Amino acid sequence: MTASTLPHADAALQARLAAIVGERRVLVRAGELRTYESDGLPGYHARPSIGVFPGTRDETIAVVRLLAELGMPFVPRGAGTGLSGGALAEGVVLLGLHRLTRIISIDAEDQRALVEPGVVNAALSRAAAPFGLHYAPDPSSQTACTIGGNVAENAGGPHCLKYGVTLNHVLALTALLPNGDVVTLGNADGECEGYDLLGAFIGSEGCFGVALDVTVRLARNPQAVRTLLADFSSLDAAAHAVSAIVAAGIVPAAMEMMDGPTIQAVEASIYAAGYPVDAAAILLIELDGAAAGIDADADRVAAFCREAGARGVRTASDPAERARLWQGRKKAFGAMGRISPHLVVQDAVVPRTKLPAMLAEIARVAAEYRVKVCNVFHAGDGNLHPNIGYDATSPDESARVHAAMAAIMQACVAAGGTITGEHGVGIDKLPYMDSLFSPATLGAMCALRDVFDPARRANPGKVVPMHSCREWHAAPSARS
Amino acid sequence: MARGTVGALVSVHAASEIATVLADRVRSARAAGTPLRIVGGGHWLDAGRPCRALETISLAEDAGIVEYEPGDLTLTARAGTTLADLARITRAEGQWLPLDPFGSATGTLGATVATGSAGPLASAFGTPRDQVLGCEIVTGTADVVRAGGRVVKNVAGYDLTRLNVGAWGTLGVLTEISVRLRALPEMDRTFAVEVSAADGWTWLRASEFTPMAAELMSPALGALLAVGDAAVLLVRLGGNEALVRGAVESLAALGPMREVPASMWEALAAAEPPGSAVVRLSTAPSRTAALWERASAIVERARGSAHATLTRGVVRCILPVSGDGDEEHARLRGMVGALQNLGTAIVERLPASLWPAIVAPAAVDPLSVRVRNAFDPDRILNPGILGEPA
């Protein structure tokens, strides 16, 4: 078919969707859909058959019920900043939720907010700021990513080291299941008894349905913050500083590492933060909490860095400098984009004591495959982010880059780690699921998915490899 | 090297072996239609839960550390490992698992996770849901599932770990659990402050200090623990010397205050008389003070006691039970009913004969029933323990 026409069936669908959301909110032309062909991970492209963008809760319910009636698969999408190809809709309906941007309420007394799924992460913190509150999970894409997307991916971010990930900040949500049923998961006003369906839903990558509203915890803004920048002449020394700080019982709000290539990329970009360009690694360490005692902890952190071999440790002197140091970290992916047309991004996690060895292994793999790795990651959690810039138009370079990534992933799994700490599996990490989980475990995951979406219509083909979804033992004697 | 120091505890059986043996046991039970009761330390057997089991699976012998690398601040242990053993082993490395469920410290990690039990430390560190990284489970379909992992961040695949935390073993038998540890704070001091629920909440909500625990105790409980005869807020402060000193100064403005030994927390955990009925009420934190006042009135009439985790909105009510006569049961029924009328109520313990009549079953919504059907289709594991009908 040509780009501007649709087969008859889709034209009928288009009309029915338009009757719900309005013609302007149903996209069918190739040019209009191009934006939705990929997420934040360049390298994967898939064109949806049709894009539908409801503006209200009721429209969302009506759209999903129509798709259920027609038995049509669909892919939910927030802002499309995901880094696993999870929001790619290959020839199926793309359900965009970024127009549901209402912050329904902020309860300053109980420190929580009720929001629609399309509310942007940073916008929620801005809205909470007058109350001295903020939303703690802070993925690097926080100026664009949505709370709904954060829930789907169980998103993290630098400050999750101290404050926990999305799972730890959602009290309840209203889920719209793929069959159109609306259910409440969790309890915003007390404890829950029974199965933790809220916990199961968070991080289900859009395969269990979509959130119509989410009740999140808000965190109090800390009374005091100290942001330290330590610079090292080796990655190994920086990694040892991380271990020493963690072992001493100090829990920084965040502890991020950037290696030399990343520092140089950032400093050559508009996000230049004043990092030392000749450093092999820097640690960006933030402490927060009560003013009493924070300087004692900051002094100890600085001492641990110096003992591990830091050439220098400086503390941001004012909020502007602190913001500049953080911007360099959060825009590091963008800065790398300046250097290479394409970028692969991984987020494997290793036990914290394995960091020095794993960084050495990554360097070895990079040399073996002749690729250039930039490391910028959540060191305090052991959550690596090796990024490889390359030119996808070169088949040879592409092959080497993907082989190097596979080698890094296998090494992380072998070290007792996992393949993704916060980006999700999507389609990007599907090939690694078999190396991490047994067939029985993957079968159990499929069984859980079938609880929420027995027709497997929501975000089909993601998270768990299809071949794993054998008949779960329960089936023959399962009660209805 | 930590592994050496805990070597004596390491189970003689390889992890997968025990799970494989258990899977065979579950498979036979399923074929024979013999429902199983899963037991750890046995501390929940007298809670009155209406479990319809014909045989018992005991995990008490399946204890020991599987992996503990202190630098990772994570630990993997067999489900039958007691919290007391975990505390001893981690303390030697300057670390702890900040989980302090009520009851005996000889309770097991497996039961703590299966029941989702938490104590005062949940105020700062959350409940088992927030601390468990992964687990090995033998499902009611006799599959050995290894959910999650051993690292502190992990979003690979659907979250089977959360699904099993607090499921009371009805989806699978927990055999091995990985948890996140914390370093012990430089200082750990506990203070008893005489303060009302409302003033306590106001301080906790606005203060720049975040205590590790802040538990309000009713006058009866305070008297039992010999900390006073008024309502007392037990506050546990952790951190460096300057931080704790600052917090102590701030707390002192609240009311009469004195330092008490840390053993006070163990005394609180073990405070309820054997055979008591226990009902946990919960609400939004800002409404806890009001809930506390109303619950206290009922509890006092019953000559019981209560304590509350103010930041979590949880009020735990302890009602003494004397005998099992009809009159006593009628009285108890009235008291529990009055508490249930105050809002979200979870019954922890109750005379077994009263359970079906006054406790609403859990996990009976359509989605939960589908979850149960997926993982325990023949109701082999702890059937009835959630109060669900046959």
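**Chain B and its contacts**

Q: What is the area buried between domain 1 of chain B and domain 3 of chain B?
A: About 850 Å². Carbon and sulfur atoms give 47% of that area. Bear in mind that this is a predicted model.

Q: Where do those domains run in the sequence of chain B?
A: The domain assignment gives domain 1 as 2–183 and domain 3 as 277–354. Domain 2 covers 187–269.

Q: How many Å apart are the C-alpha centres of domains 1 and 3 of chain B?
A: The centres lie 29 Å apart.

Q: And how many residues are in contact there?
A: Domain 1 of chain B puts in 11 residues, and domain 3 of chain B puts in 10.

Q: How many salt bridges across that interface?
A: The rule finds one. B:Arg349 pairs with B:Asp46, at 2.8 Å from N to O.

Q: What about the classes on the domain 1 side?
A: The side of domain 1 of chain B that touches domain 3 has five nonpolar, four polar and two charged residues.

Q: How many residue pairs in polar contact between these two domains?
A: Five, with both residues of each pair at pLDDT 80 or more.

Q: Stepping back, how many helices and strands in chain B?
A: Chain B has 15 helices and 17 strands.

Q: Does the radius of gyration of chain B agree or disagree with a compact globule?
A: It agrees. A compact globule of 390 residues would have a radius of gyration near 21 Å, and chain B has 21 Å.

Q: What box do its C-alpha atoms fill?
A: Roughly 60 × 60 × 35 Å, along the principal axes of chain B.

Q: Now chain A against chain B. What area is buried?
A: About 6300 Å². Carbon and sulfur atoms give 54% of it.

Q: How many residues does each chain bring to the contact?
A: Chain A brings 88 residues and chain B brings 71.

Q: How many salt bridges does the rule find between the chains?
A: Nine. One salt bridge between the chains joins B:Arg205 to A:Glu109, with the closest N and O atoms 3.4 Å apart.

Q: And residue pairs in polar contact?
A: There are 28 between chain A and chain B, both residues at pLDDT 80 or more.

Q: Which elements of chain A give two or more residues to that side?
A: Among them are β9 (182–186), α8 (235–247), α10 (294–307) and α16 (439–452) of chain A.

Q: Which one gives the most?
A: α16(A), with 10 residues.

Q: What is the class split on the chain A side?
A: The side of chain A that touches chain B has 40 nonpolar, 28 polar and 20 charged residues.

How values were computed: Residues are numbered from 1 along each chain as its sequence is written. Chains are lettered from A and ligands numbered from 1 in the order in which they are written. This is a predicted model: local features need pLDDT of at least 70, side-chain atom pairs count only at pLDDT 80 or more; totals for chains, interfaces and linings use all residues. Side-chain values use heavy atoms; hydrogens and water are left out. Domain bounds come from an automatic or database domain assignment. Contact means heavy atoms within 4.5 Å. Buried area is the accessible area (1.4 Å probe) that two parts lose on being put together, summed over both. A salt bridge is a side-chain nitrogen of Lys or Arg within 4 Å of a carboxyl oxygen of Asp or Glu. A polar contact is a pair of N or O atoms within 3.5 Å; within protein, one must be able to donate a hydrogen and the other to accept it, and residues adjacent in sequence count only if both atoms are side-chain atoms. Ala, Val, Leu, Ile, Met, Phe, Trp, Tyr, Cys and Pro count as nonpolar, Asp, Glu, Lys and Arg as charged, and the others, Gly among them, as polar. Helices (H or I, at least four residues) and strands (E, at least two) are DSSP runs, numbered from the N terminus. The radius of gyration is taken over C-alpha atoms; the globule rule is 2.2 Å times the number of residues to the power 0.38.
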